[in-house]
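Here are a few exercises to work through with a structure viewer open. Try each task on your own before you read the solution under it.

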Amino acid sequence: MKVLVIGGGGREHAMAWKLAQSPKVQMVYVAPGNGGTALDARLHNLAITDIVALRQWAQENKIGVTLVGPEGPLAAGVVDEFRQHGLRIFGPTKAAAQLESSKAFSKSFMRRHGIPTAEYATFSDPITAHTYVNQMGAPIVVKADGLAAGKGVVVAMTLEEAHAAIDFMLVDNTLGVTHNEGGARVVIEEFLEGEEASFMVLCDGRNVVPLATSQDHKRLLDGDNGPNTGGMGAYSPAPVVTPQVHARAMREIILPTLKGMEKDGIPYTGFLYAGLMIDAQGQVKTLEFNCRMGDPETQPILMRLKTDFLDLLLSATEGAGGTSFENLELEWDRRTALGVVMAAHGYPAAPRKGDVVAGLPKESDDAMVFHAGTALVDGQLQTSGGRVLCVTALGDSVRQVQQRVYQNLQGIAFDGMQYRTDIGYRAVKG
């Protein structure tokens, strides 16, 4: 079978790499891909990003199944386009993807269906937003309503930061947010205390299969300091998601979301990612929904997945209520997987492109360097985005895999590179 992966980041490199391991896969195409997928003989980059052109190409080339990595094409309706032409594709429709593409839609959906989340209010007028923040005080959370590539959330510890975030999002739009209909809006939320975890599942419209748990590290600097980023590293499994927390997340968040979407006439298919905040008592609230796998969580999760990834996608796209999907049991490597992101100079505010990347270690059975912001230019690997690489490995414990990953990245070099030296520290400390 020929398979298409849409996207060009670290998540998509990991997905394509995993699909290529299936004995049933003849070729994996990645559109548009990156420098890492270009260097892999098992993968083939495709310089097409237009949705209709991709659909036509998939028809002409008899693609068996398409997997959508990033949120942009989902919000633009790529799943609707492919399905209307009888093509098998895994992901949510444009209407269902509003769970991520509109924070206002998502919060109102959660309130309507009784899904635990932070208290909030929505604003399009900067003056009323500023007034509200003055009334509520800090810390407080300001979120852009539209897609912002993982950077549209400001956890403001002071009123000054909150006011600046409102101006960034509603007045200047310096974050490059893709506004939804009706123009710029912000969602302002209460600040929640606790530990975050990434909870991802596969949905076929009615049934849910949970993926391995993971924890992402959002802040740029060690000790969770510095600005928020798209993610500086992750590990799986996440000890904070105890069996009790897992059961609670499924019972109080995931299943009511699936039922709520079906009730609203928008059945949900694809990956669903709930960002959880877990407090000291084990209570769980939803920080946000993403309509795709997280990046960089995908890299360690797929390192641990032993089940054939293609079989998983095929069973999930058989149609809602398929028994094969309902009874699916995923097999996981018992070891811990951990990935450390190496980011470009100036990330996250203004990442520099064009720096030469050298010293990459060879892939092995339990270690892999996934590419995110790289491009092959005249045979030379260069930085082309903010998060450049995710150095990932497996190990018998968090401490062991930490040492392994940090040893592996010692030889990698590009000007201005930055990375955290403490990925996984909560699990070691805990």
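The exercises below deal with a predicted model.

**Exercise 1. Work out the strand order of the five-stranded open sheet, and say which strands stand at its edges.**

Start with the order: it goes β12-β15-β18-β22-β19, with antiparallel pairing. Next, look for strands with a single partner: these are β12 (215–216) and β19 (367–371), so each has one side left without a neighbour in the sheet. Now see what lies on the sheet: helix α14 (residues 398–408) packs there and touches β18, β19 and β22 (387–395). The direction of α14 makes about 135 degrees with that of β22.

Then zoom in on one pair. Strands β15 (residues 233–236) and β18 (residues 336–343) run antiparallel to each other, joined over four bridges. For a register check, find Gly233, which sits opposite Val340 in β18.

**Exercise 2. Arg387 is buried: find the nearest side chain of opposite charge and say how far away it is.**

First, place the residue: Arg387 belongs to strand β22. Second, look for a partner: the nearest side chain of opposite charge is Asp295, 4.0 Å away, and Arg387 has no salt bridge. The cut-off for a salt bridge is 4 Å, taken from a side-chain nitrogen to a carboxyl oxygen, and the pair isn't counted as one here.

Third, check the backbone: the oxygen of Gly230 lies 3.0 Å from a polar atom of the Arg387 side chain. Finally, list who else is around. Leaving out neighbours within four places in sequence, the contacts of Arg387 include Gly231, Pro296, Met342, Tyr347 and Ala372.

**Exercise 3. Do the same for the open sheet of four strands: what is its order, and which helix packs on it?**

Read off the order, β6-β9-β7-β8, again with antiparallel pairing. The edge strands are β6 (120–123) and β8 (153–156), each with a single partner, so one side of each has no neighbour in the sheet. From one strand to the next, the twist averages 20 degrees.

Inside the sheet, β7 (residues 140–144) and β9 (residues 186–190) pair antiparallel over five bridges, and Lys143 faces Val187 in β9. The helix you want is α9 (residues 159–172), which touches β6, β7, β8 and β9. Its direction makes about 5 degrees with that of β7.

**Exercise 4. How many residues of helix α7 are buried, and what do they pack against?**

Count along residues 103–112: seven of the ten are buried, so α7 is largely enclosed by the rest of the structure. Among them are Phe105, Phe109 and Met110. The buried residues pack against α6 (98–101), β6, β7, β9, α10 (243–263) and β17 (284–290). Just past the helix, Gly114 has a positive phi of about 65 degrees.

For another case, try α1 (residues 10–20): eleven of its eleven residues are buried, including Arg11, Glu12 and Trp17.

**Exercise 5. Where are the cis peptide bonds from Ala31 to Pro32 and from Tyr347 to Pro348?**

Keep the usual backbone in mind: most residues other than glycine have a negative phi, and most peptide bonds are trans. The bond from Ala31 to Pro32 has omega near 5 degrees, and Pro32 lies in strand β2 (residues 27–32). The bond from Tyr347 to Pro348 also has omega near 5 degrees, with Pro348 in the loop between β18 and β19.

Methods: Residues numbered from 1 in each chain as written. Predicted model: local features only at pLDDT ≥ 70, side-chain atom pairs only at ≥ 80, totals over all residues. Heavy atoms only, no water. Pairing = 2+ DSSP bridges. Helix = DSSP H or I, 4+ residues; strand = E, 2+ residues; numbered from the N terminus. Contact = heavy atoms within 4.5 Å. Axes fitted to C-alpha atoms, helices over the stretch in contact; angles between N-to-C directions. Buried < 20%, exposed > 50% of the residue type's maximum accessible area, 1.4 Å probe, protein only. Lys, Arg positive; Asp, Glu negative; His and termini not counted. Polar contact = N/O pair within 3.5 Å; in protein donor to acceptor, adjacent residues only side chain to side chain.
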